[in-house]
Amino acid sequence: MCKIIAIANQKGGVGKTTTTSNLGIGLAKQGKKVLLIDADAQGSLTASLGFTEPDSLEVTLATIMGNLINDEEVEPGEGILHHEEGIDLMPGNIELSGLEVSLVNVMSRETVLRSYIEIVRENYDYILIDCMPSLGMITINAFASADSILIPVQAAYLPVKGLQQLIKTVGKVKRQINPKLEIEGILLTMVDSRTNYAKDISSMLKEAYGSRVRIFTNVIPISVRAAEISAEGISIYKHDPKGKVASAYDSLTKEVLADGQ
């Protein structure tokens, strides 16, 4: 059984990409077969895994989705890149922006990504989708494909406020397109544990959503080391294996795995 998790927040800079890569590599370290899908036109996930020129890649998610829209055959391994830390990647780049616009006129436009996932899912235990910071057509495609959505939220007041819209959209997709869709949980990122501020945010989240949505017990601490890894093309486990961020992602991985049991 393959579990598909979309990692989403319509606000940028909350640690979506870092969470996708480190959770994915964390799952691979636990012996799982993992595919990461970069569904963000900025290609940050692709670049952070060491493929530094996403825009020059010949086959990306946009190519594959384009082929599916045109009823062309797609092979399961087509365009997939392999990373030294044991995960596979379907890269994303700027072409996704153009695809987003053209999807508007496509029949079954919300489920193009789902058709792709059907082709590859039997090869994996987990597929993680790094969504773009918007609630546009590509993100809706990710929600239509996913079993659950993991929402990274920066420990600050405004991003917490913006969750309302995201949770509404998830509810809408669940009702209209993907009845199995659940919220995996809200993950607090960039937490400075020395301040009371993070504790206030955490209790504010619990008050607002705690009864309906799970809030992960693990939080991701703020760290300069974590900010460096995207330039290195490796995970936090390789860059700073003994650090608090690696330990936090390791605990998060175990929390996610426990759900899959």
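**Helices, sheet and salt bridges: a guided tour**

User: Which residues does serine 21 touch, not counting residues up to four places away in sequence?

Analyst: This is a predicted model, where local features need pLDDT of at least 70, side-chain atom pairs count only at pLDDT 80 or more, and totals for chains, interfaces and linings use all residues; side-chain values use heavy atoms, with hydrogens and water left out. Residues are numbered from 1 along each chain as its sequence is written. A contact means heavy atoms within 4.5 Å. With residues up to four places away in sequence set aside, serine 21 touches Leu36, Leu45 and Leu49.

User: Is serine 21 buried or exposed?

Analyst: Serine 21 sits in helix H1 (residues 16-29); helices (H or I, at least four residues) and strands (E, at least two) are DSSP runs, numbered from the N terminus. Buried means under 20% relative accessible area, exposed over 50%, and partly exposed in between (1.4 Å probe, protein chains only). Serine 21 has a relative accessible area of 6%, so the word for this residue is buried.

User: How are H3 and H5 oriented to each other: parallel or perpendicular?

Analyst: Axes are lines fitted to C-alpha atoms, for helices over the stretch in contact, and angles run from 0 to 180 degrees between N-to-C directions. Helix H3 (residues 61-69) and helix H5 (residues 112-120) pack with their axes 9 Å apart, at an angle of about 100°. Angles under 35 degrees count as roughly parallel, over 145 as roughly antiparallel, 65 to 115 as roughly perpendicular and the rest as oblique. Therefore H3 is, relative to H5, roughly perpendicular.

User: How many nonpolar residues does the contact of H3 with H5 have?

Analyst: On the H3 side the contact includes Leu61, Ile64 and Met65, and on the H5 side Val112, Ser115 and Tyr116 are among the residues. Ala, Val, Leu, Ile, Met, Phe, Trp, Tyr, Cys and Pro count as nonpolar, Asp, Glu, Lys and Arg as charged, and the others, Gly among them, as polar. The contact has no charged residues and one polar residue, and its nonpolar residues number nine.

User: How many of the residues of H3 are buried?

Analyst: H3 is mostly covered, and its buried residues include Ala62, Gly66 and Asn67. Among the elements covering them are strand E2 (34-39), helix H4 (95-103) and helix H6 (137-145). Out of nine residues in H3, the number buried is seven.

User: Which residue with a positive phi follows H3?

Analyst: The residue in question is not a glycine, yet has a positive phi of about 60°. Its place is the loop between H3 and strand E3 (81-82), and it is exposed, with a relative accessible area of 74%. The residue that follows H3 is aspartate 71.

User: Which strands are the edge strands of the sheet?

Analyst: Strands of a sheet pair through backbone hydrogen bonds, either parallel or antiparallel; here two strands pair if DSSP finds at least two bridges between them. Seven strands make an open sheet with mixed pairing, in the order E3-E4-E2-E5-E1-E6-E7. Each edge strand pairs on one side only, and these strands are E3 and E7.

User: Which residue in E4 stands opposite leucine 36?

Analyst: E2 and E4 pair in the parallel sense over three bridges. Opposite leucine 36 stands a residue of E4, leucine 89.

User: What angle does the direction of H1 make with that of E5?

Analyst: H1 packs on the sheet, where the strands it touches include strand E1 (3-7), E2 and strand E6 (148-154). Its direction and that of E5 (126-131) make an angle of about 170°.

User: How far apart in sequence are the parts that glutamate 84 and lysine 238 tie together?

Analyst: A salt bridge is a side-chain nitrogen of Lys or Arg within 4 Å of a carboxyl oxygen of Asp or Glu. Glutamate 84 and lysine 238 form one, with the closest N and O atoms 2.7 Å apart. Glutamate 84 lies in the loop between E3 and E4 and lysine 238 in helix H11 (residues 236-239), so the parts they tie together are apart in sequence by 154 residues.

User: Is aspartate 147 buried or exposed?

Analyst: The side chains of aspartate 147 and lysine 180 meet in a salt bridge (3.8 Å, N to O). Lysine 180 is partly exposed, at 42% relative accessibility. Aspartate 147 has a relative accessible area of 18%, so this residue is buried.
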